[in-house]
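Open the model in your viewer and keep the selection box at hand. Each stop below says what to select and then what is there.

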Amino acid sequence: MADDLEANLRRTRRLMQLKTTKTFERVNAALDQIRDSGPAQLSRVALRASLLDTSEDSTPAPATALLLPRGVALRFYLLAVFEAQCRLTAPSAWKSSRSLTGERGWSDLIAVDSGYDSATDSYMTRQTKQARTAASSRLRQVQAALRTLEALGKPLGDGEGDQGLVVVPRTPTTGRRQYAAFELMAESGRGSVLTNRRYTVPASGTEAVFTVPSEFFTRGWVQVLTPAETVTWLILQLMSQDYPGKHHESGVYLYANRREGQFNMARDAFEDACRTLNGLGLIRYAEPPPSDEPGAAFWFSALLVAKPRYQAQRYQVVDETLQKDALEQTIKELVIQRRAIVRRSKVRRAKGKSPS
């Protein structure tokens, strides 16, 4: 419980810094401009289901391999897909001349805090130094994300993996990475053959895809959710579109064998993420449909000889919430969670148990 409180405080502190420095506001503005300047005026972003589905040989899907406590690798990949679909039409292949730094460069599309001093528990106050630190911090985060994305899956050598979601070329003489020249790979990864599976914009009706509203990016939700929360939300989006009737009537749900086998998500990570997503209003708990099985009197007698069957929690996604400011919504939810953590800690102490 002490760890939960520390994680909550750390997350709140980072988000408050993004608000104070207006970093969050500027990043959202840049993403808005990218969307609005594109030919398609993108309203929904298409993602291939292979980003989430574990392969037949039980290799974790690329997205679930990115449930990392630190770094922005998953966030960066999703932003790169968003950026590609803002300016390219299906079935165009990935091609980009966007720089890593500078106005609306890749590092301008990532909202991260910087300049925190753990010794003093405070951020830098000198504006010029803070700005330089912020710029270099964002660049380092982008470079680290590219290395992480490139190394996914079984090693192919030289820091590359067969599920790599990017390929970063090297200079022939020194072997140094040319980060700005990275190439985006398909949602299933680059593959193990010589010809890489480069990213192409999905063609409508020809591939197994699901879509998410562009506000997930332009209103900053991609910036504030943890990797586990992002993947959980994507899974529920996928399921809501695979089973639209069930989703509308009584919600979608995951039993353990599908959660672990298809999506490679642990129960605690999934359920914790669902609680936060529900608190944020991005999903809501749904009720199972009325049973058409034998009546209450029959089941009352049956309970004497049989245990009640497990009912998985059902969920419905709430896309309307994406229109709200992600930063404000998340800060409010973290305050509510912090109060609940403190309350539980007091109860445990009152019962003579350790708060941790």
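The tour goes from two helices to a pair of strands, then to salt bridges, one strand residue and the cysteines.

This is a predicted model, in which local features need pLDDT of at least 70 and side-chain atom pairs count only at pLDDT 80 or more, while totals for chains, interfaces and linings use all residues. Residues are numbered from 1 along each chain as its sequence is written, and side-chain values use heavy atoms, with hydrogens and water left out.

**Stop 1: helix α12**

Select residues 326-350, which form helix α12. Helices here are DSSP runs of H or I with at least four residues, strands are runs of E with at least two, and both are numbered from the N terminus. The expected span of a helix is 1.5 Å times one less than its number of residues. For the 25 residues of α12 that gives 36 Å, and the end C-alpha atoms are 36 Å apart, which agrees.

Now colour the buried residues of α12: A326, L327, Q329, T330, I331, E333, L334, A340, I341 and S345. Buried means under 20% relative accessible area, exposed means over 50%, and partly exposed lies in between (1.4 Å probe, protein chains only). An α-helix has 3.6 residues a turn, so residues three or four places apart point the same way. To see what covers the buried residues of α12, show α1 (2-20), α2 (23-37), α6 (221-224) and α10 (267-280), which are among the elements that do so.

Which residues is T330 in contact with, leaving aside its neighbours within four places in sequence? They are R11, L15, W221, V224 and L280, where contact means heavy atoms within 4.5 Å. T330 has a relative accessible area of 2%, so it is buried.

Move to the ends of the helix. At the N-terminal end, D325 caps α12, with a side-chain oxygen 3.1 Å from the backbone nitrogen of L327. Just after α12, select G352, which takes a positive phi of about 80 degrees.

**Stop 2: helix α1**

Select α1 next. Its 19 residues should span 27 Å at 1.5 Å a residue, and the distance between its end C-alpha atoms, 27 Å, agrees. The buried residues in α1 are N8, R11, T12, L15, Q17 and L18; R11 and L15 have already appeared as contacts of T330. Just after α1, K22 has a positive phi of about 65 degrees.

**Stop 3: strands β9 and β10**

Show residues 283-286 (β9) and residues 314-317 (β10). The two strands run antiparallel and are joined by four bridges; strands pair if DSSP finds at least two bridges between them. One pair to pick out is A286 with its bridge partner in β10, R314.

In a regular strand the side chains alternate between the two faces of the sheet. In β10, R314 and Q316 lie on one side and Y315 and V317 on the other; all are buried, and both faces of the strand are covered.

**Stop 4: salt bridges**

A salt bridge is a side-chain nitrogen of Lys or Arg within 4 Å of a carboxyl oxygen of Asp or Glu. By this rule the count comes to 22. Three to select are listed here.

- E103 and R104: their side chains meet at 3.7 Å, N to O. E103 counts as exposed because its relative accessibility is 69%, while R104 is partly exposed at 30%.
- R170 and D158: the N to O distance is 3.3 Å. R170 lies in the loop between β6 (166-167) and β7 (183-184) and D158 in the loop between β4 (155-157) and β5 (160-161), so the pair ties together parts that are 12 residues apart in sequence. R170 is buried at 17%, whereas D158 is exposed at 55%.
- R259 and E260: the closest N and O atoms are 2.9 Å apart. R259 is buried at 6%, and E260 is partly exposed at 46%.

Then select E150, D158, E160, R170, R177 and R190 together: salt bridges that share partners join them into one network.

**Stop 5: E183**

Select E183, in strand β7. E183 is partly exposed, at 29% relative accessibility. Beyond neighbours within four places in sequence, E183 is in contact with W94, L165, V166, V167 and R198. E183 and W94 are 89 residues apart along the chain, but their C-alpha atoms are separated by 7.1 Å.

**Stop 6: cysteines**

How many disulfides does a search of the whole structure find? The search finds zero, a disulfide being a pair of cysteine sulfur atoms within 2.5 Å. Select C86, buried at 1% relative accessibility, and then C274, buried at 0%.

Note on methods:
Polar contact = N/O pair within 3.5 Å; in protein donor to acceptor, adjacent residues only side chain to side chain.
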